[in-house]
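Biologist: Could you take me on a close look at the salt bridges and the helices that carry them? I would like one connected account, please.

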Amino acid sequence: MSWNGFKKAINRAGTQVLVSTGNVDKTVDNEFDFSEKRLRSMQHISGKLETHTRSYLHQLEVIYQANTNLSKAFSSFYGVNPAEDVENLGKDAPVHNISQAYQITLGQDKNHAESLQSSYYQSVVNPVKRFNSYYSELNKAISKRNRKLLDYDALRSKLNKLEAKEDNENHEDHTKIDSLQEQFTEAEEVFDEINTRLKEQLPKFMSHRAGYFDPSFEAFVKLQWDYFDQRQVALSPLVKNMDAQSRQDLEEGRANHRLDVVMDKMKQLMV
C-alpha cells in the first residue's frame, strides 16, 4: 500500500468511527441497501449450493461403500469368504449366494458412478462454481462504493461545519470553502457514478439466476435418472433369480411378514 493509500485508509477508519457515533451523518440509500441485502442472501444460498453439489458424488461413494460392507457381512453368514475387492468379481466369477451376486452389481455400479463424475462436474458443479466467482467482482465494487461513500460523507460534514462558522470578512475561510467544495463535488460525482452503476447491475445479476441455474438443475435430474435407472437394470436380474415365493412376497409387500414367521420359529428353538 502506498503512503497516500495508507493515509486514506486511516482517514476512512476515523470517518467510520465518527459515523458510528453519530458525529458524521451517514448517507442512506434504501434502494442500494435492499439490493445488497438480496445479494448477500443469494450469495449465502449459492454458496451452500456449491458445497452440496460438490458433496453429492462423495455421498454416492459413501452409499456404495456402505452397500459393499453390508453385502460382505451377509456373505459371511453364508459361510463364504467375502471378496476383498468388489471390482475383482466379474461376470464369470463363481457366485455362491445372492450377496455375492449383489457385490458383482456393485462393481458395475462403481464403474458407472465414475463415468458419471465427468458429466456431473461439467454440467452441474462447474457452472455453479463459475456463477459464484462473479461475487468476487461484485464485492470488490461494493467495497469501493463504501470507501467512496466514507469520503463523500466526510467531505460533506467538513464543508457543512466550515460553512456554518464562516466569517464573511475572512478571505481564508472563503478559500478553504472553495477548496472543500471542489473536493466534495469530485467525491460526489465518483460516489454517484459507482452507486448508480451498482443499483442498475445488482438487480440484473440477481434476475439472471434462475435462467442460469435451470440447465444445471435439469442436467442434475437427468444424471440422477440415468444413474438410478442403471442401478435398477443391474439389480433386476437378482430379483428374477430369487425363488418364486421370495419374489412374490417382495412384489406383494409380504416380505416383512415372511421374516416375522422365521423369527417366530427361531424363538421356539430350544437352546
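Modeller: Gladly! Lys140 and Glu137 sit 3 residues apart in helix 3 (residues 98–164), so about one helical turn separates them. Helices here are DSSP runs of H or I with at least four residues, strands are runs of E with at least two, and both are numbered from the N terminus. An α-helix has 3.6 residues a turn, so residues three or four places apart point the same way. Lys140 and Glu137 form a salt bridge, with their closest N and O atoms 3.8 Å apart; the term asks for a side-chain nitrogen of Lys or Arg within 4 Å of a carboxyl oxygen of Asp or Glu. Both partners are exposed: Lys140 has a relative accessibility of 51% and Glu137 a relative accessible area of 52%. Elsewhere, salt bridges that share partners join Asp29, Glu31 and Lys199 into one network.

Before we follow that network, a word on the ground rules. This is a predicted model, in which local features need pLDDT of at least 70 and side-chain atom pairs count only at pLDDT 80 or more, while totals for chains, interfaces and linings use all residues. Residues are numbered from 1 along each chain as its sequence is written, and side-chain values use heavy atoms, leaving out hydrogens and water.

Back to the network, then. Within it, the side chains of Glu31 and Lys199 meet in a salt bridge at 3.7 Å, N to O. This pair links distant parts of the chain, with Glu31 in helix 2 and Lys199 in helix 4 (residues 171–207), 168 residues apart. Glu31 is partly exposed, with a relative accessible area of 48%; on this scale buried means under 20%, exposed means over 50%, and partly exposed lies in between (1.4 Å probe, protein chains only). Asp29 also plays a part at the start of helix 2, where one of its side-chain oxygens comes within 3.2 Å of the backbone nitrogen of Glu31.

A little further along helix 2 you will find Arg40 and Glu36, whose side chains form a salt bridge at 3.4 Å, N to O. Since they are 4 residues apart in helix 2, about one helical turn lies between them. Their surroundings differ in class: Arg40 counts as partly exposed at 33% relative accessibility, whereas Glu36 counts as buried at 19%. The structure holds 7 salt bridges, including those we have just visited.

Helix 2 itself rewards a look from end to end. At 1.5 Å a residue, its 48 residues should span 70 Å, and its end C-alpha atoms are 69 Å apart, which agrees; the expected span is 1.5 Å times one less than the number of residues. Helix 2 also has a kink of about 35°, centred on Tyr56, taken as the angle between axes fitted to the seven residues ending there and the seven starting there. Phe74 lies in helix 2, which covers residues 30–77, and is partly exposed with a relative accessible area of 45%.

Helix 3, where we began, also holds Tyr121, a partly exposed residue at 28% relative accessibility. Tyr121 and Arg54 are 67 residues apart in sequence, yet their C-alpha atoms are 8.4 Å apart in space. A similar case starts from Pro237 in helix 5 (residues 209–240), which is partly exposed with a relative accessible area of 38%. The C-alpha atoms of Pro237 and Ala101 are separated by 9.4 Å, although their positions lie 136 residues apart along the chain.

To put these helices in their setting, the protein has 7 helices and 0 strands, so its elements run α-α-α-α-α-α-α from the N terminus on. Of its 271 residues, 31% count as buried.

Notes: Polar contact = N/O pair within 3.5 Å; in protein donor to acceptor, adjacent residues only side chain to side chain.
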